There are 2 protein chains.
Amino acid sequence: MASSDPPARRPRITEVAAAAGVSITTVSHALNGKGRISEATRTHVHQVARKLGYRPSANARSLGSGRHGLLALKVSLPGSSAAAFVEFDYFTRLLNAATSTALQNGFALVTLPSGQTEQQEPPDFSADGMIAVDPERGDEALATARKRGLPIVTAGRDRDDGTSPWIDSDHRHGTITALDHLAARGARRIALIGLERVNSFAIDAAAAYEEWCASHSVEPIESQVVTDYSQAAGRAAALELLSAPNPPDAIYALLDGLGLGALSAARELGLRVPDDLLLAACTDSTAAAASDPGLTSLSLAPEEIGTGAVEMLLKMLDGSSATVPNRYVATELVVRRSSSPAA
Amino acid sequence: MASSDPPARRPRITEVAAAAGVSITTVSHALNGKGRISEATRTHVHQVARKLGYRPSANARSLGSGRHGLLALKVSLPGSSAAAFVEFDYFTRLLNAATSTALQNGFALVTLPSGQTEQQEPPDFSADGMIAVDPERGDEALATARKRGLPIVTAGRDRDDGTSPWIDSDHRHGTITALDHLAARGARRIALIGLERVNSFAIDAAAAYEEWCASHSVEPIESQVVTDYSQAAGRAAALELLSAPNPPDAIYALLDGLGLGALSAARELGLRVPDDLLLAACTDSTAAAASDPGLTSLSLAPEEIGTGAVEMLLKMLDGSSATVPNRYVATELVVRRSSSPAA
DNA sequence: ATACGTTGCCAAAACGCTTTTGCAGATACT
DNA sequence: AGTATCTGCAAAAGCGTTTTGGCAACGTAT
């Protein structure tokens with residue numbers, strides 16, 4: 001079978017070199033901005049490469065440089081696996097942003113399967129670095145990776161080990177903003193529907209809540225959700241809070257899903273939101289926007305976190321800068337009907 | 001700075017060869033089951049390699065074999081980006097399964113950022129193959145990939161091009177099962193809340209609905225959702241259906257999110273589900289299970305689809321088998337309260 | 001015994017880059 | 001004018017595998 005058309009093979013570096021009338025060394029240097037070459041040659045090579053549609057082989061590049069061009073992203077989904085469906089919104093957006101940023105920088109980003117702790121062996125592909133999203137205490141995979149000397153950035157701080165640079169939402173400030181908002185809208189007794197304190201988010205938010213209560217001289221009313229993070233769990237927690245003697249007049253839930261559950265609970269008890277009960281949550285999602293009444297929610301910036309984490313990791317790999325500074329990402333309170341009673 | 005301990009460098013193939021007293025060729029052959037070597041040598045090499053903790057360099061392997069060890073997964077999220085939050089459940093499970101399967105076979109799986117059609121250049125990393133989940137008509141990225149000769153498997157059939165092997169839920173059978181179920185529970189007039197017919201799922205399910213109506217000599221009642229696929233859209237569609245003259249006594253929604261929206265609509269109109277209105281949906285999710293009443297839903301098998309797609313793609317890469325057969329994955333109707341009226 | 005296929009293994013050549021080293025020619029310094 | 005320093009580029013040496021081609025040794029048929 002005679003191959004009719006050489007199927008548009010990708011050009012090699014040698015062909016670019018030949019076309020540009022220089023050596024492959026020069027092509028490599030020009031394209032990677034490495035060696036000492038004149039600006040003229042550099043741009044010329046760039047043009048030729050572009051005209052030929054040259055794209056360096058990731059493999060060969062890796063072999064030569066010792067890099068793999070691969071980043072791993074590991075998310076610790078809160079609670080047991082798929083329960084927290086509302087928060088997929090957050091992770092998906094984060095993942096998307098991270099992937100784009102990585103690709104733009106010539107790296108591919110691999111999502112590590114979450115949940116499965118009983119991975120026989122750490123799936124033994126080798127990445128150049130790892131991003132751990134909302135790492136939980138005692139995370140095996142993280143510890144292993146760290147032991148191997150893998151560069152790591154955490155999104156949310158690692159409670160086990162403070163050595164990795166992190167990027168994190170400013171949960172303390174955000175929580176206080178949300179509580180101030182509820183108070184400004186008339187709340188006297190704000191309850192918290194919290195999370196099991198396994199990651200820095202849950203810890204920081206709860207701490208901020210307690211700090212706020214202390215500084216306002218009110219007693220904290222906390223309902224800690226431990227079972228799962230679903231809407232059903234939020235409903236159950238809210239039912240308990242609201243049917244207690246001297247119930248709260250506002251609820252702040254640490255996840256949108258929980259907040260939506262609280263919304264159903266209120267409805268069941270015949271409480272009107274926002275008139276009888278003010279409601280706000282964290283981790284803004286489309287679900288919060290779509291609910292009726294709309295759920296006031298603290299919008300985190302998953303895209304910024306995803307992008308930032310990749311950028312930090314790449315900076316670590318670069319090796320040039322000694323240490324990569326940690327970074328807080330601002331939150332923004334999106335006020336909707338659930339906290340806007342008629343004046 | 002004297003490096004105190006050679007930091008546990010991974011052994012190279014040469015070291016394994018030396019330790020086993022054979023050539024590197026033999027080691028490679030033994031480990032990959034390729035060349036002609038005696039069973040004795042093969043097991044011996046395996047033992048030595050294992051004792052040394054040898055793990056071949058993915059890069060070098062790729063360079064040598066021309067493979068990259070990378071698969072791309074591209075999902076076309078239905079509707080505009082993040083609207084369909086309920087369906088993240090489905091995609092996340094699919095993605096997780098696909099990633100695991102890929103890793104188990106020595107491949108890493110990269111999720112391509114979805115939605116962004118205006119990707120300047122197709123992010124130019126090179127994968128060995130691509131999985132397109134629910135490809136939409138006129139998908140640019142898919143066409144480009146196909147033109148480049150990239151092996152492709154689609155999850156859900158590609159309406160533009162029938163050449164790629166596919167794996168797909170048996171939507172026709174599933175839809176008919178769901179409709180039969182509703183009819184058996186007493187439904188006389190079943191309405192459909194459908195989707196824009198841009199992918200094979202939407203097309204097949206709608207076609208099955210129409211086929212079922214025809215074979216039961218009832219008139220189809222279709223509400224096509226075009227705006228977005230959120231709960232709000234489902235609610236709007238259901239409100240319209242239910243307030244028309246001669247409204248349906250059952251609704252089948254093509255996404256859980258839409259079904260949940262229909263549930264709110266019914267509640268608003270004072271209709272009791274399941275007593276006044278039977279409800280069922282497709283793409284079972286945790287949200288459907290958690291709602292009150294529980295939403296009867298057609299459970300697809302995202303894990304099986306993710307795993308299957310990767311397996312098919314790997315078989316294509318293998319090159320040994322001429323063509324990879326297409327595959328249907330069974331669905332299962334999960335019956336909940338929304339379609340279980342009191343006898 | 002002679003010719004011929006097998007079998008079991010190895011040496012060496014890719015694979016397509018990056019990086020290091022080397023080497024002229026140009027420029028600056030004494 | 002003579003030497004030291006820069007500049008711009010090329011040759012060559014890896015990187016750690018897979019693959020190709022070949023060579024003995026060992027049957028097995030003639």
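Author: Let's begin with a term: a polar contact is a pair of N or O atoms within 3.5 Å. Please keep in mind that this is a predicted model.

Reader: Thanks! How far is a base oxygen of DNA strand D from an N or O atom in the side chain of A:R36?

Author: The distance is 2.7 Å, so under the 3.5 Å cut-off this pair is a polar contact. On the other DNA strand, a polar side-chain atom of B:R36 lies 2.7 Å from a base oxygen of DNA strand C.

Reader: Which side chains come up at phosphate oxygens of DNA strand D?

Author: Two examples will help. A polar side-chain atom of B:S28 is 2.4 Å from a phosphate oxygen of DNA strand D. For B:N32, an N or O atom of the side chain is 2.8 Å from a phosphate oxygen of that strand.

Reader: And what happens at the phosphate oxygens of DNA strand C?

Author: There, a polar side-chain atom of A:N32 lies 3.0 Å from a phosphate oxygen. B:S38 takes part through its backbone, with a polar atom 2.8 Å from a phosphate oxygen of DNA strand C.

Reader: Let's widen the view. How many residues surround DNA strand D, and which are the closest?

Author: Being near here means having a heavy atom within 4 Å. By that test 27 residues surround DNA strand D, and the closest are A:S23, A:T26, A:T41, B:R12 and B:S28. Of the atoms of DNA strand D that come within 4 Å of the protein, sugar and phosphate account for 57%.

Reader: How many residues are around DNA strand C?

Author: There are 26, with A:S28, B:T25, B:T26, B:R36 and B:T41 coming nearest. Sugar and phosphate make up 58% of the atoms of DNA strand C that come within 4 Å of the protein.

Reader: What classes of residue make up these surfaces?

Author: The surface near DNA strand D has 9 nonpolar, 13 polar and 5 charged residues. For DNA strand C, the counts are 8 nonpolar, 14 polar and 4 charged.

Reader: Which elements each supply at least two residues of the surface near DNA strand D?

Author: They are α2 (24-32) and α4 (58-65) of chain A, together with α2 (24-32) and α4 (58-65) of chain B. For DNA strand C, the largest share of the surface, 5 residues, comes from α4(A).

Reader: Let's leave the DNA. How many helices and strands does chain A have?

Author: Chain A has 12 helices and 12 strands. Of its 343 residues, 52% count as buried. Sequence separation is also worth a look: among contacts in chain A between residues at least 6 apart in sequence, 70% join residues at least 24 apart.

Reader: How should I read strand β4 of chain A, residues 152-155?

Author: Start with the side chains: A:I152 and A:T154 point one way, A:V153 and A:A155 the other way, and all are buried. Then look at the partners. Strand β3 (residues 129-133) pairs with β4(A) in the parallel sense over 4 bridges, and A:V133 stands opposite A:A155. The connection from β3(A) to β4(A) runs through helix α6 (residues 140-147), in a right-handed β-α-β crossover. β4(A) also pairs in the parallel sense with strand β5 (residues 166-169), over 2 bridges. In that pairing, A:T154 stands opposite A:W166.

Reader: What should I look for in the backbone angles?

Author: Most residues other than glycine have a negative phi, and most peptide bonds are trans. In this model, A:D134 has a positive phi, near 45°. A:D134 lies in the loop between β3 and α6 of chain A.

Reader: Is A:D134 buried or exposed?

Author: Residues under 20% relative accessible area count as buried. A:D134 has 16% relative accessibility, so it counts as buried. In chain B, phi of B:D134 is also near 45°, and B:D134 is buried with a relative accessible area of 16%.

Reader: Where do cis peptide bonds appear?

Author: One joins A:V273 and A:P274, with omega about 10°. A:P274 is in the loop between α10 (256-268) and β9 (278-282) of chain A. In chain B, a cis peptide bond joins B:V273 and B:P274, again with omega about 10°.

Notes. Residues are numbered from 1 along each chain as its sequence is written. Chains are lettered from A and ligands numbered from 1 in the order in which they are written. This is a predicted model: local features need pLDDT of at least 70, side-chain atom pairs count only at pLDDT 80 or more; totals for chains, interfaces and linings use all residues. Side-chain values use heavy atoms; hydrogens and water are left out. A polar contact is a pair of N or O atoms within 3.5 Å; within protein, one must be able to donate a hydrogen and the other to accept it, and residues adjacent in sequence count only if both atoms are side-chain atoms. Ala, Val, Leu, Ile, Met, Phe, Trp, Tyr, Cys and Pro count as nonpolar, Asp, Glu, Lys and Arg as charged, and the others, Gly among them, as polar. Buried means under 20% relative accessible area, exposed over 50%, partly exposed in between (1.4 Å probe, protein chains only). Two strands pair if DSSP finds at least two bridges between them. A crossover is right-handed if, with the strands pointing away from the viewer, the path from the first strand over the helix to the second runs clockwise. Contact means heavy atoms within 4.5 Å.
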